[in-house]
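I opened this notebook to keep track of what I looked up, one entry at a time. The structure comes first, then my notes.

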Amino acid sequence: MSIITGLATREGTAEDNADAARVYVLANGVVGAAVIDGIGHGPRTSATAPLLAETAARVTAHRGALAGILSAGLLIADDGHDGEEANAVGVAVLVDDAGARAAWVGDCDVLGWDGTRLRRYSTPQVMGEWVRQYGPPVEVAAHYDDWVRVSLHSATVATVGEVDIPDEVLLLLSDGAHDQVAADVMEDLVREHHDTPQILAEAIVAAARADESGYRDDATAVVIAVAGRDADAHTADDPFDPDRRDEEDDRGQGHS
């Protein structure tokens, strides 16, 4: 199996860059990656975001995406002695022979490309999504999209979103990328550059456009391309696989 990664970030129009991203590769080739989007631009946000990204990526590579997100959250679970500790949202993904599993809190996104279509696998944990369930006009729901319901500061096992991704190309994006790059533009970029992750990551953040007021958010992208994955790896290692369970039962009977 071959895993190629790309990473890019671009400062927005409001003060310093509060986004951060890291990719960590174990000796056996397993990849852990994370994108962190700091909430606001407080006195510690831009300094803390890289620490959160590093922690999430490293722990993800060793223990999985859920552990990566929760470990990053523990670093900022307390407000600090002055109440000014930074907060953030984020997404992490583990990629190995068995496939890819992502975990997220807040409004960072994970997308997958299977060679023909680009699919969004994450659901933003924002009030706008909650409001949409009740069917109000689109413009009403959109008014609440900046209201994050779950952040790293408050993340728990029950509130972290998780998803398995079968696609060979994965995109981890901060909201400054997925919200300010039009969907058709994003798909065109992936279609053209899916086999060159670094070029694709740079193209995505460069494509972010300012809104009507002139505001452009920090934009960050991690792109992971996987080739030569063993389709049977997950089944072989799955303790709940029926064939494997029968084999273990047979071995157990032989020892009795």
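**Entry 1: a term to settle.** I call a residue buried under 20% relative accessible area, exposed over 50%, and partly exposed in between. I also note that I am reading a predicted model.

**Entry 2: a pair within helix 6.** I looked up E187 first. Its relative accessible area is 25%, so E187 is partly exposed. R191 stands at 41% and therefore also counts as partly exposed. The two form a salt bridge, and their closest N and O atoms are 3.0 Å apart. Both residues sit in helix 6. They are four residues apart, about one turn of the helix.

**Entry 3: the rest of helix 6.** Which residues of helix 6 are buried? I found M186, L189, V190 and H193, in a helix that spans residues 183-193. These residues cover an arc of only 95° around the axis, so they lie on the same side of helix 6. I then checked the other side of helix 6, where D184 and E192 are exposed.

Next I asked what the buried residues of helix 6 pack against. Three strands are on the list: strand 6 (109-113), strand 7 (118-120) and strand 9 (169-173). Helix 5 (175-178) and helix 7 (197-207) are on the list as well.

**Entry 4: the sheet.** I traced an open sheet of five strands. Their order is 2-3-4-5-8, and the pairing is antiparallel. Which strands stand at the edges? They are strand 2 (19-25) and strand 8 (161-165). Each has a single partner strand, so one side of each has no neighbour in the sheet. On average, neighbouring strands of this sheet are turned by 10° against each other, direction ignored.

**Entry 5: strands 5 and 8.** I looked at this pair in detail. Strand 5 covers residues 99-105 and pairs with strand 8 in the antiparallel sense. I noted five bridges between them. In one of the pairings, A102 has V163 of strand 8 as its bridge partner.

A helix lies across this part of the sheet. Helix 2 (residues 65-74) crosses strand 4 (88-96), strand 5 and strand 8. Helix 2 runs at about 30° to strand 5.

**Entry 6: salt bridges between distant parts.** How many salt bridges does the structure hold? The total is nine. I looked up one between E162 and R101, whose closest N and O atoms are 3.3 Å apart. E162 is in strand 8 and R101 is in strand 5, so the pair ties together parts that are 61 residues apart in sequence. E162 is partly exposed, because its relative accessibility is 33%. R101 has a relative accessible area of 32%, so R101 is partly exposed too.

I then turned to D167 and R117. Their side chains meet in a salt bridge, at 3.0 Å from N to O. D167 is in the loop between strand 8 and strand 9, and R117 is in the loop between strand 6 and strand 7, so this pair ties together parts that are 50 residues apart in sequence. Is D167 buried or exposed? D167 is buried, because its relative accessible area is 4%. R117 has 27%, so R117 is partly exposed.

**Entry 7: a network.** I closed with salt bridges that share partners. They join R22, E54 and R58 into one network.

How values were computed. Residues numbered from 1 in each chain as written. Predicted model: local features only at pLDDT ≥ 70, side-chain atom pairs only at ≥ 80, totals over all residues. Heavy atoms only, no water. Buried < 20%, exposed > 50% of the residue type's maximum accessible area, 1.4 Å probe, protein only. Helix = DSSP H or I, 4+ residues; strand = E, 2+ residues; numbered from the N terminus. Arc of directions from axis to C-beta. Contact = heavy atoms within 4.5 Å. Pairing = 2+ DSSP bridges. Axes fitted to C-alpha atoms, helices over the stretch in contact; angles between N-to-C directions. Salt bridge = Lys/Arg side-chain N within 4 Å of Asp/Glu carboxyl O.
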